[in-house]
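Trainee: I should like a close look at a single part of this structure, set out for someone who works at the bench. Which segment would you examine, and how does it sit against its neighbours?

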Amino acid sequence: AVGITAAYAFSVVLTFLGDSDSYYEAAALLITFVLFGHWMEMKSRRGTTDALQALFALVPPQARVLRNGKEELTPTAEVKVGDIVVLKPGDKVPVDGEIIEGETAIDESLVTGESIPVAKKLGDKVIGGSINQSGSVKFKATKVGEDTALAQIVRLVETAQNSKAPGQKLADRFAKYLVIVAVGGGLLTFSIWFFIIGQPLLFALTFAISTVVIACPDALGLATPTAVAVGTGLGAKHNILIKDAPTLEQVSKIQAVVLDKTGTLTEGKPKVTAVVTVDGLNEDEALRLIGAAEAKSSHPLSKAVLDEVERGKLVLPKNVEKFENLSGLGVKAVVNGKSVLVGTVKLMKENKVDLRALENKINELLSEGNTIMVLAVDGKAAAVVSAADPIKPNAKKAVERLNQLGIEIAMITGDNEKTARSIAKNIGIKRVFAEVLPAEKANYVRKLQEEGKFVAMVGDGVNDAPALAQADIGIAIGAGTDVAIETANVVLMKSDPADVLRAIRLSKATVRKMKQNLFWASIYNLLAIPVAAGILYPSFGISLRPEISALLMSVSSIIVATNAVLLNKVEKDLITV
């Protein structure tokens, strides 16, 4: 702007003085080249908004809403919380909700990245933007407008693309000084050529304006925003949501990753593998007692037992009193007048339950990598139920690749030591934190930080939120809870542990581009200013007119923008593990 103003102002003065020389064409070309540079910048950013546009397109314009018992086509924007929405095969889900009638399979791949359609029944949640595949269902709208999961994803990506990386803040400060250097350099150049060397006014002015123009820190201003925009857009395309530019930069510094076992490394859907009883108690009765006590618990093992009860068509006792959830240990309740305690070996020991009758079987089940829950009735050990949680397909390969990057992997779980070590061995993890209560997870993250490591915590549950907040980088598996996602810096929508590796690869590639751009922009300015000021003119006769300086300045911006766009080449590393 200073260069354009100077060129135009002096041209006007020369015109009034009747001089045939002027800088009008230089001012016009300056504007042209600057606008061309900005057009290239916008072009480089435009590709990053494709993922956002695709997400916006997922929301259908209309929804089938039940009003006064009749089905009406209503604009999606007018759907309110509590409205009953009808979904037919092939319909897109307009808003988030909970199924109140019917069963179906819903394709959530465009929102969560899960490739297989998910079976949905009464009480299950549906996500706006997903596609109904087979059945007809009715659901109650629970989140609409800006509160939907889809809107939150879009907001996350937009925030990330508009935020500034720490490197850019430094560049901005440097750019402020560069403006002073540009104007000061222009005045100094004019003074030397006009007053000291004694060259004509127009001659000195040409070098001065060229100096001001070429010193424009345009490329420095673009150095990291273009890379951040491309990086976050690429992440969103592959279901990796990075909340802001500082996070995108810091993910590259990760030295240790703490992985929560259930739901992160394993499917989080354990299945009962064995039921062993003592003192004449039959297996069905043991399952009924455990099922009754665990019915109000949200633990994955509780669901495994209740699924087994349902599979065996067993009827749970109705008389359940004094239910108490013992966080990280188990539950206790009074079932049909009997005092029932269900949970870990640690819980049994704390309640002085003699486990000798089950000890050998417990050790055998644990050595096989099963998770167990022990049943005690009226203070006596009655049964042990084991369950296995399948390891996610990509878990082993992801851990192997992370180790190759020199990143230490630790697994954290509430499971007992034997089960935890067996699972960790299968996956290839050497460091294990076992029998950790939910409230203690943050302490183990802190322990790694005290060892001088930059730590990432990966989890999916409410009880992971404190640990996610404690970690230098909190990474939430997308299938997890809103609380975990709210606390985390990075959200992995696909619930694939390999996405931790992909996020690190993306961050490293983006930071590499940032550094390349900052180096180029800085070196270019430092080398170009003396040339524009005429340092080569006395010896080689080389001079730069203002329009040529503007072109070179724009070329610098174009190189920076183009280099950022080349970040898309890293996409192949996000597809493979």
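Mentor: Helices here are DSSP runs of H or I with at least four residues, strands are runs of E with at least two, and both are numbered from the N terminus. The model is predicted: local features need pLDDT of at least 70 and side-chain atom pairs count only at pLDDT 80 or more, whereas totals for chains, interfaces and linings use all residues. Residues are numbered from 1 along each chain as its sequence is written, and side-chain values use heavy atoms, with hydrogens and water left out.

The part I would choose is helix α9, which spans residues 225-237. Its 13 residues reach 18 Å from the first C-alpha to the last, close to the 18 Å expected at 1.5 Å a residue (the expected span is 1.5 Å times one less than the number of residues). After α9 comes Asn239, which has a positive phi near 65 degrees.

How much of α9 is buried? Of its 13 residues, 12 are buried, so the helix is largely enclosed by the rest of the structure. Buried means under 20% relative accessible area, exposed means over 50%, and partly exposed lies in between, with a 1.4 Å probe and protein chains only. The buried set runs through Pro225, Thr226, Ala227, Val228, Ala229, Val230, Gly231, Thr232, Gly233, Leu234, Gly235 and Ala236.

Two packed helices are described by the angle between their axes and the distance between the axes. Axes are lines fitted to C-alpha atoms, for helices over the stretch in contact, and angles run from 0 to 180 degrees between N-to-C directions. One neighbour of α9 is helix α21 (residues 498-532), packed at an angle of about 165 degrees with the axes 9 Å apart. That angle makes α9 roughly antiparallel to α21 (over 145 degrees; under 35 is roughly parallel, 65 to 115 roughly perpendicular, and the rest oblique). The crossing of α9 past α21 is right-handed, meaning that the near helix is turned clockwise from the far one by less than a right angle, while anticlockwise would be left-handed. On the α9 side, the contact (heavy atoms within 4.5 Å) is made by Thr226, Ala227, Val228, Gly231, Leu234 and Gly235, and on the α21 side by Leu506, Thr510, Lys513, Met514 and Asn517. By class, these are 5 nonpolar, 5 polar and 1 charged residues. Nonpolar covers Ala, Val, Leu, Ile, Met, Phe, Trp, Tyr, Cys and Pro, charged covers Asp, Glu, Lys and Arg, and the others, Gly among them, are polar.

A second neighbour is helix α23 (residues 546-565), whose axis comes within 8 Å of that of α9 and crosses it at roughly 20 degrees. The two helices are therefore roughly parallel to each other, and their crossing is right-handed. Here Thr226, Ala227 and Val230 of α9 meet Val560, Ala561, Ala564 and Val565 of α23. This contact has 6 nonpolar residues, 1 polar and no charged ones. Thr226 and Ala227 thus take part in the contact with α23, and both are also listed in the contact with α21.

Asn517 links these descriptions. This residue lies in α21 and counts as buried, at 2% relative accessibility. Leaving aside neighbours within four places in sequence, Asn517 is in contact with Ala223, Thr226, Val560, Asn563 and Ala564. Its C-alpha atom is separated by 9.5 Å from that of Ser557, although the two residues are 40 residues apart along the chain.

Just before α21, Pro497 occupies the loop between β22 (490-492) and that helix. Pro497 counts as buried as well, at 5% relative accessibility. Beyond four places in sequence, its contacts are Thr264, Lys392, Asn394, Ala395 and Ala398. The C-alpha atoms of Pro497 and Asn394 are separated by 6.6 Å, with their positions 103 residues apart along the chain.

Finally, α23 also packs with helix α7 (residues 201-214), at an angle of about 10 degrees and with the axes 8 Å apart. That makes α7 roughly parallel to α23, again with a right-handed crossing. Thr206, Ile209, Ser210, Val213 and Ile214 of α7 make this contact with Pro546, Ser549, Ala550, Leu552 and Met553 of α23. Its residues divide into 7 nonpolar, 3 polar and no charged.
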